[in-house]
Amino acid sequence: MIRYEWVWRPGAKALREIAGLYRAAGWWEPGDTPQRICRMVMGSHCFLLARERGRAVGMGRAISDKTNDGYIQDVFVSPKLRGRGVGAQIVRRLALRLRIDGLGWVGLIAVGGTRRFYEGLGFKKMPKHEPMRFGESASA
Ligand SMILES: CC(C)(COP(=O)(O)OP(=O)(O)OC[C@H]1O[C@@H](n2cnc3c(N)ncnc32)[C@H](O)[C@@H]1OP(=O)(O)O)[C@@H](O)C(=O)NCCC(=O)NCCS
């Protein structure tokens with residue numbers, strides 16, 4: 001059974017687990033530290049962990065202005081657990097939380113190959129819009 005847990009102030013164990021998920025996702029950058037992950041979690045609108053038998057197997061978070069606009073990002077499910085609805089649950093819970101907290105605009109940047117996953121959860125491609133990132137290293 002999968003359990004979903006909001007993380008507001010991660011302790012050392014949760015930080016290790018979250019760092020492990022970022023590493024597994026390939027989103028761990030040189031210079032990242034558990035302290036940095038801690039600031040990312042605590043600076044997020046909300047951060048969700050999925051656990052199977054106590055072990056962290058998935059995550060996702062939202063960032064926002066806490067008033068109108070929210071973005072979902074860093075959605076990841078461990079490869080062995082994929083295809084069992086965990087990713088969908090993470091995104092649904094994040095989007096619902098943002099709505100409950102009054103945010104009317106909820107968006108995300110879908111990594112290539114995930115568009116249908118997000119469409120199945122109610123997201124639509126924004127016509128005439130392109131995702132963009134500032135700076136030289138815009139690969140991710
Ligand atoms: C994308 C990801 C989060 C999906 O997680 P998951 O737990 O396997 O997804 P679910 O099992 O909840 O899938 C829900 C539905 O979406 C479909 N789906 C899942 N991944 C899909 C994909 N890449 N493309 C199209 N459909 C997909 C499933 O078949 C399922 O469809 P159904 O409701 O008709 O059965 C997971 O593959 C992952 O962690 N990928 C690597 C990280 C990543 O790319 N994250 C997205 C960042 S934008």
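I started from one residue pair: Leu48 has Gly60 in S3 as its bridge partner. The model is a predicted one, and I kept that in mind for each entry below.

**Strand pairing**

I then looked up the two strands around that bridge. Strand S2 covers residues 46-52 and strand S3 covers residues 55-64. I noted that S2 and S3 pair in the antiparallel sense, with seven bridges.

**The sheet**

Next I traced the strand order. I found five strands in an open sheet, ordered S1-S2-S3-S4-S5, with mixed pairing. Strand S1 (2-6) and strand S5 (105-108) are at the edges with a single partner strand each, so one side of each has no neighbour in the sheet. From one strand to the next, I recorded an average twist of 25°.

**Helices on the sheet**

I checked which helices meet these strands. Helix H1, residues 12-25, lies across S3 and strand S4 (69-77). I noted an angle of about 85° between H1 and S3. Helix H3, residues 86-100, packs on the sheet and touches S1, S2, S3, S4 and S5. The direction of H3 makes about 30° with that of S3.

**Ligand shell**

I turned to the ligand and asked which residues are the closest to it. They are Arg82, Gly87, Ala88, Arg116 and Phe117, in a surrounding set of 18 residues. I then looked up the elements that supply two or more residues to this shell, and they are S4, H3 and helix H4 (115-119). H3, noted above for packing on the sheet, therefore appears again here as one of the elements lining the ligand. By class, I recorded nine nonpolar, six polar and three charged residues in the shell.

**Whole chain**

Last, I went over the chain as a whole. I listed four helices and five strands. Along the sequence, they follow the pattern β-α-α-β-β-β-α-β-α. The radius of gyration is 15 Å, close to the 14 Å that the globule rule gives for 140 residues, so the chain is as compact as a globular protein of that length. Along the principal axes, I noted that the C-alpha atoms fill a box of roughly 45 × 35 × 30 Å.

I also looked up burial and contacts. Of the 140 residues in the chain, 25% are buried. Among contacts with a separation of 6 or more, 51% come from residues 24 or more positions apart.

Definitions and conventions:
Residues numbered from 1 in each chain as written. Predicted model: local features only at pLDDT ≥ 70, side-chain atom pairs only at ≥ 80, totals over all residues. Pairing = 2+ DSSP bridges. Axes fitted to C-alpha atoms, helices over the stretch in contact; angles between N-to-C directions. Contact = placed C-beta atoms within 7 Å. Near = placed C-beta within 6 Å. Nonpolar A, V, L, I, M, F, W, Y, C, P; charged D, E, K, R; others polar. Rg over C-alpha atoms; globule rule 2.2 N^0.38 Å. Buried ≥ 20, exposed ≤ 12 C-beta atoms within 10 Å, placed from the backbone.
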